[in-house]
Amino acid sequence: MDAPTEQQQPAQLSSGNDREAFRQTLWNTLLRRSFYLPSFKIYGGVSGFYDYGPPGFALKNNILKFWREHFVYEEHMLEIECPSVTPEAVLKASGHVEKFTDLMVKDEKTGTCFRADHLLRDYCNDKLEKDHLTISAEQASELKNVLALLEDLSCQELGMKIKEYGITAPHTKNPLSDPYPFNLMFQTSIGPSGQSPGYMRPETAQGIFVNFRDLYYYNGKKLPFAAAQVGQAFRNEISPRQGPLRVREFTLAEIEHFVDPENKSHPKFSNVAELEFLMFPREAQLSGQSAKKICLGEAVAQGTINNETLGYFIGRVYLFLTKIGIDKNRLRFRQHLANEMAHYAADCWDAEIETSYGWIECVGIADRSAYDLQAHSEKSGVALVAEEKFAEPKEVEQLVITPVKKDLGIAFKGDHKKVVESLEAMNEQEAMAMKATLESKGEVEFYACTLGKNVTIKKNMVSISKERTKVHQRVFTPSVIEPSFGIGRIMYCLSEHSFSTRPGKAGDEQLGLLSFSPLVAPMKCMVFPLVQNQQFEEGAKVISESLTSIRISHKIDMTGTSIGKRYARSDELGVPFAITVDSDTSVTIRERDSKDQVRVSLKEAASVLSSVAEGKMTWQDVWASFPHHNCF
């Protein structure tokens, strides 16, 4: 027999007002129940920072626990932890120092800063949504074109559009300055002298890349393998909005899967190939179509997704998000347009979740090719490469770089060893370009990465050639497939997808409900004595001790408030089950979403709750196995 269900009343988000009302109701609930606490509140707070209160911290940890089970343990990944403070040299090599910027404008009277592209985007969206009946088709087309090209607009073009549309500072309506670049990294210095600059890391990935050689050796020099890291990242957002979705400190869970660039197949791709879910390929976006359900195997076979390993991780991300409770009908995988893609990326997809704020990017899954390892190899002078040993020797054309150490020693004295290392670290393209210049001009300016400066190399100092030779192994730079998870964003989106309201006992009252899965719920169970009675309270303590012994998270509530109010408080916290002690020998177990209750003996309550909370039994199994209790 199936348990009867009650119709919840999720908010309808068809208009801006509906979305705002839903968002405010949810946010009030999350603040009231201490999922989030504004950081430094007693000092007035600081925008872009939030603390997690007890239920929020527990929810986040449970999401991360399942993330590790689903990815790290399943794929036998190597998990590491690196410092949050990163030397400038690392982030120069990765390109963050030069390119990790947003364009900013200032209110010319108050000095308040805003992201220029966000102001233009919001203006275009507002016009298209609120004024769609009054603007012409030509104006609407222009606004849509601006939105499509927003990523491509230069600093000057962005400033011209802001002036053309008469965009002013929000709230004050004061004029805005011209846009200018602002680096989003928090800068610091390492050590008391201040002469060793560093930054708070904007991502965790670079720590994995710079440790590649040690991880490769640890893994027995075998590819493919993946390394993972969970940790804090920092971005000095210009004008953080959207509550906890855009903050200045956040948790990232990143995976770097290293693979042979000549073989990006995946042995377990068949496990996910039959999945079908919403995808939004590049061609569909450019032609004005919507996302549609596509079979993952077909998307890889047709080349829509670049390779099997990238497709495998897209499938695994889909399973992860839907298992923790993200609505599959409000989840899509959007392929980056050409103007969004990094120049080195082979392909990139974002897992986007629909919320009251619109579609929010929560996971990026990218084939970053070999860019990161090559960049760090070049700047550090340390070869971050892998090897493939051949069963039989192969004859190949091989680049041979032979530094003439005697002449280099005369020219560079104590620095000659570093110059030699830099010459030997050149890739084929660099080496052949140097050879051509030396033959035509006799000398060439060369950036010696291990010295960190340019030097003049003359024709007598190095010999560069290609020779056919038999080799026993191939040395190459691995490609990287990177799934990167914004845990805070996933957590907030999950809260939106789990939130609804239902009528209270008074009829006109609406009670909040967070329908978190037992897999990630902040607590699995609440334990209530029905009334303040010594025998009932002793029974509640016995059950609590049993739950504690088997590590089932719960809270015992012996307050004198009515059982109805305690259930309502538990429902707002997203706790899936409640055990109510109302007898010397038996108790009731209540399921949150249906409000259905069964009666079990006092002694077996903890084991039954453990089975259903850990997924060994479903609530349908429990409903079919135990006597039903009149629902509250």
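**Exercise 1. Is Ser570 buried or exposed, and which residues beyond its sequence neighbours does Ser570 contact?**

Start with accessibility, keeping in mind that this is a predicted model. Ser570 has a relative accessibility of 1%. Buried means under 20%, so Ser570 counts as buried.

Next, place the residue: Ser570 is part of helix 19, which covers residues 563-572.

Finally, look for partners, skipping anything within four places in sequence. That leaves Met526, Phe528 and Val575 in contact with Ser570.

**Exercise 2. Work out where Ala624 sits and whether Ala624 is buried or exposed.**

Helix 21 runs over residues 619-625, and Ala624 belongs to that helix. For Ala624 the relative accessible area is 57%. The cut-off for exposed is over 50%, so Ala624 is exposed.

One more check, this time on distance: Val598 is 26 residues away from Ala624 along the chain, and their C-alpha atoms are separated by 9.4 Å.

**Exercise 3. Take helix 6 and find which residues are buried, which are exposed, and what the buried ones pack against.**

Geometry comes first. Helix 6 spans residues 137-149, which makes 13 residues. From first C-alpha to last, helix 6 reaches 18 Å, close to the 18 Å expected at 1.5 Å a residue.

Now sort the residues. Ala140, Leu143 and Val146 of helix 6 are buried. These three cover an arc of only 120 degrees around the axis, so they are on the same side of helix 6. Over on the other side, Ala137, Glu138 and Lys144 are exposed.

Then the packing: the buried residues of helix 6 pack against helix 5 (116-130) and helix 7 (155-164).

**Exercise 4. How many disulfides does the model have, and why is Cys493 not bonded to Cys362?**

Recall the chemistry: a disulfide is a covalent bond between the sulfur atoms of two cysteines. The test used here asks for sulfur atoms within 2.5 Å.

Try Cys493. The closest cysteine sulfur to that of Cys493 is in Cys362, at 3.6 Å, so the pair is too far apart for a bond. Over the model, the count comes to zero disulfides.

As a side note on accessibility, Cys493 is buried at a relative accessible area of 0%. Cys525 also counts as buried, with 0% relative accessibility.

**Exercise 5. Which residues does UniProt list for the class-II profile domain, and how far apart are the ends of that span?**

Look up the record: the unreviewed UniProt entry gives residues 32-503 for "domain: Aminoacyl-transfer RNA synthetases class-II family profile".

Then go to the model. The end C-alpha atoms of residues 32-503 lie 19 Å apart. As for secondary structure, the span is 35% helix and 30% strand.

Methods. Residues numbered from 1 in each chain as written. Predicted model: local features only at pLDDT ≥ 70, side-chain atom pairs only at ≥ 80, totals over all residues. Heavy atoms only, no water. UniProt positions renumbered as here; feature names shortened; annotations may be inferred. Helix = DSSP H or I, 4+ residues; strand = E, 2+ residues; numbered from the N terminus. Expected span 1.5 Å × (residues − 1). Buried < 20%, exposed > 50% of the residue type's maximum accessible area, 1.4 Å probe, protein only. Arc of directions from axis to C-beta. Contact = heavy atoms within 4.5 Å.
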